[in-house]
Amino acid sequence: MGVVQGPAQQTRPSLLLRDIQVHRGRQTVLKGLSLTIATGAITVIVGPSGVGKSTLMGVLNGLIRPVAGEVSVAGLGPLSDPGVLREHRRRTATVFQEHALIDRLTALDNVLLGMADRRHPLSPLPWPADLQRRAAQALLEVGLLHRVNARADTLSGGERQRVGIARALVRNPSLLLGDEPFSAVDPALTRRLGDEFKSLVSGAGITVVLVLHQIDIARRLADRIVGLADGRVAFDGPPETFDTAAQSRVFPRHELQHDSPASQSTS
Amino acid sequence: MTGVITPHAAPATATRVAVEGVLAASRHRHRRRLVQTTFGLIAVLFACGYAGVLDPARYADAIPTILQLLTDAMPPDFSRWRDWGRPLLETLSMSVAGTALGLALALPLGALAARNIAPNWIGSPVRLLLNTCRSIPTLVWGILYVAAVGFGPLPGVLALASHSIGMLGKFCAEILEHVDPAPGDALRSQGVSRLGVLRFSVWPQILPRLMDVAVYRWEHNLRAATTVGVVGAGGLGLEIITAFHLFEYREALALILVLLGLVSLINLAGAFVRGRLINAGMRE
């Protein structure tokens, strides 16, 4: 880790995307996107708003079915196969941009939903004690144990986001997807959670794909940066090579005023 | 972008024209509201006249008669209170059973009526059915069921349920239409089945609101249970109407007071339960 990685072909692939096309309404969001996600690494997706970063995350966790192209999971097969999709989802966890919590449930109950596939839907029994303990542990890791019994709609934006992160981490996923997981979290905690993700990757060897809009965090966390522009991959390489020229390819000029990635690019 | 007016660049005349336009639109709205109010008032006056509300002759004997009735009913006669336990319990159980039965049937029907669940060719007839249930008064349902299953609380239960299905089903559909799909999507993304999404995302989202309308409906049904008693469905209503028929106004008043107390008690309990459902956290 930490060493400049070679081209993506040399690392073990986890997910292969080939010529992915996705329509949203009448608009084509992804226009023949091809990408390989490396196993045991943090891939960070960047790009201007509306370019299809969240759509790409939806393709990766199978919530969005591309109209053309193929997603295949290494060692399993194409995601269009129901059996592959089921197994892929079992080992995947997603942190959603809008948190996707149930407002009326407590923080703990929301985190427990991350393990809903381990409890029978018709079971009249309460959540098993070991699952409850794991959920509390996950809340402790994101620094929210003191809010364990607070209803989700009484939490602040940053707290809700951390519940969303805990709900994903509690699954012990081998693929962790995060759509702007730190957008509402303060810088110190972002650093800590980022380190946690890094240690998960180096320790447990899991694969992480994050959508991030803060370029400095992206450069610090990423083993590899993928820049999207106009529904395709415009940049794909280690963070060291994501220089000003590469950034201006991903972020067209008018975007620079808003997201100012260029101002943070000097390293 | 073309057509964007920045405040500095806009000529003074253009600004004046824009402001005049706003004022003209406001005047137009005001005029229209005046016309609407006038038409509304005319309609209300016509309705009152047609229904005899404006005929003073009809009121001549009203106040003395009401006063006479009230005097005849004073003081309320509670002497037969030992006999009221059964009808009281009958009315209470009618309201509980009718609400529960209505809710049990309203859930699946409401799901079929929800626009985000069932296609329109199923939803439309189901919504029509719910409207029909709602528009037939409980009393008419009561007469129908008394004829069908005989006297007693059972036809009352069926009548209350039939009318409740209409309202509860409509509310069920609306509650289901307002379920946030995001937590369900999150569950699907981690491989949870359809049934699991229903149980772990939809159910906790709808349960408090469902209980809220059920308790509200229960309060309503307690009052309605008295009215269906009048057509032979037993309970407190039957006692009241019998007392009236026997000119036992003092006992009728006592029974009405008992009913009032019961309804107030249930309303208080209902408000307490609903307050807890809305404010307190849900723990499984």
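This is a short chat about salt bridges in a predicted model.

User: How many salt bridges does a search of the whole structure find?

Analyst: The count is 15 over all chains.

User: Why is the contact between Glu87(A) and Arg91(A) called a salt bridge?

Analyst: Their closest N and O atoms are 3.6 Å apart. The cut-off is 4 Å between a Lys or Arg side-chain nitrogen and an Asp or Glu carboxyl oxygen, so the pair qualifies.

User: What makes Arg91(A) partly exposed?

Analyst: Its relative accessibility is 29%. Buried needs under 20% and exposed over 50%, so Arg91(A) falls in between. Glu87(A), with 24%, is partly exposed as well.

User: How do you know that Arg171(A) is buried?

Analyst: Arg171(A) has a relative accessible area of 4%, and buried means under 20%, so the label fits. Its salt-bridge partner is Asp117(A), with the closest N and O atoms 3.2 Å apart. Asp117(A) is partly exposed, at 30%.

User: Why does the pair of Arg171(A) and Asp117(A) tie together parts of chain A?

Analyst: Because Arg171(A) sits in the loop between helix 5 (157-169) and strand 7 (175-179), while Asp117(A) sits in the loop between helix 3 (107-112) and helix 4 (129-141). Those parts are 54 residues apart in sequence.

User: And what makes Asp153(A) and Arg151(A) a salt bridge?

Analyst: Their N to O distance is 2.7 Å, which is within 4 Å, so they pass. Arg151(A) is buried at 10%, whereas Asp153(A) is partly exposed at 37%.

Definitions and conventions
Residues are numbered from 1 along each chain as its sequence is written. Chains are lettered from A and ligands numbered from 1 in the order in which they are written. This is a predicted model: local features need pLDDT of at least 70, side-chain atom pairs count only at pLDDT 80 or more; totals for chains, interfaces and linings use all residues. Side-chain values use heavy atoms; hydrogens and water are left out. Buried means under 20% relative accessible area, exposed over 50%, partly exposed in between (1.4 Å probe, protein chains only). Helices (H or I, at least four residues) and strands (E, at least two) are DSSP runs, numbered from the N terminus.
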